[in-house]
Amino acid sequence: EGRLDLHGMVQTGAHGALTAFIARAASEGKRCVVVITGKGRISEGGGVLRRQLPGWLNAPMVRTHIIGFAVAQPKDGGAGAMYVLLRRRRG
């Protein structure tokens, strides 16, 4: 229902974009969104954004909107993307 591509962003910009995107998607009543981080270089242990994403999704301000998240299917980006399942809006 929504897609956020964080490729090429620095950590602070990506974190802010993610927080705003999740809040907006939740307020619009979306249920499942895709967040693309890219895979990063394997030789460097993977991408910085990819490693940071689970922590950002578990942060209190964001977590209130989220039921769960999982690595995307290959057609949606595979290990370089995450599905994020959002809570239903109340009221």
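Q: A strand is a DSSP run of E of at least two residues, and strands are numbered from the N terminus; in which strand is valine 84 found?
A: The model considered here is a predicted one. From the N terminus on, the elements of its chain follow the order β-α-β-α-α-β-β. Valine 84 is found in strand β4.

Q: How many helices and how many strands has the chain?
A: The order of elements from the N terminus on is β-α-β-α-α-β-β. In this notation each α stands for a helix and each β for a strand. The chain therefore has, by the DSSP runs that define these elements, three helices and four strands.

Q: What is the radius of gyration of the chain?
A: The C-alpha trace spans about 50 × 30 × 20 Å along its principal axes. For 91 residues the globule rule gives 12 Å, and the value for the chain is close to this, so the chain is as compact as a globular protein of that length. The radius of gyration is 13 Å.

Q: Is valine 84 buried or exposed?
A: A residue counts as buried when its relative accessible area is under 20%. The relative accessibility of valine 84 is 0%. By this cut-off, valine 84 is buried.

Q: How many of the six residues of β4 are buried?
A: Valine 84, at 0% relative accessibility, counts as buried, and it is found in strand β4. The strand is largely enclosed by the rest of the structure, because most of its six residues are buried. The number of buried residues in β4 is five.

Q: Which residue of β4 does valine 33 stand opposite?
A: Strands β2 and β4 run antiparallel and are joined by five bridges. Valine 35 stands opposite methionine 82 in β4. The residue of β4 that stands opposite valine 33 is valine 84.

Q: Do β3 and β4 run parallel or antiparallel, and how many bridges join them?
A: One pair of facing residues consists of isoleucine 66 and, in β4, leucine 86. Strands β3 and β4 run antiparallel, and the number of bridges that join them is five.

Q: Which residue in β2 stands opposite leucine 4?
A: Strand β1, residues 2–5, has leucine 4 on its covered face together with Gly2, whereas Arg3 and Asp5 are on the uncovered one. In a regular strand the side chains alternate between the two faces of the sheet. Four bridges join β1 to β2, residues 32–36, and the two strands run parallel. Aspartate 5 stands opposite isoleucine 36, while the residue opposite leucine 4 is valine 35.

Q: What is the handedness of the β-α-β unit that β1, helix α1 and β2 make?
A: Strands β1 and β2 run parallel. Helix α1, residues 11–27, forms the unit together with these two strands. The β-α-β unit is right-handed.

Q: Which residues touch the most other members of the largest nonpolar core?
A: In soluble globular proteins, nonpolar side chains tend to be buried together. Here the largest nonpolar core has 18 residues, and those that touch the most other members are Leu18, Ile22 and Val84.

Q: Which element gives the most residues to this core?
A: The largest nonpolar core has 18 residues. The elements that give two or more residues to this core are α1, β2, α2 (48–57) and β4 (81–86). With five residues, the element that gives the most is α1.

Q: Which residue of β4, found at 0% relative accessibility, is in contact with Ile22, Arg31 and Cys32?
A: With neighbours within four places in sequence left aside, isoleucine 22 has contacts that include Val33, Val62, His65 and Val84. The partners of the residue sought also include Val35, Leu57, Gly68 and Phe69. The residue is valine 84.

Q: Within what arc do the buried residues of α2 fall?
A: The buried residues of α2 are Leu49, Leu53, Trp56 and Leu57. Seen down the axis of α2, these residues lie within a limited arc, so they line one face of the helix. What covers them includes α1, β2, α3, β3 and β4. The arc is 80°.

Definitions and conventions: Residues numbered from 1 in each chain as written. Predicted model: local features only at pLDDT ≥ 70, side-chain atom pairs only at ≥ 80, totals over all residues. Heavy atoms only, no water. Buried < 20%, exposed > 50% of the residue type's maximum accessible area, 1.4 Å probe, protein only. Pairing = 2+ DSSP bridges. Right-handed = clockwise from strand over helix to strand, strands pointing away. Core = buried A, V, L, I, M, F, W, Y, C linked by side-chain atoms within 4.5 Å. Contact = heavy atoms within 4.5 Å. Arc of directions from axis to C-beta. Rg over C-alpha atoms; globule rule 2.2 N^0.38 Å.
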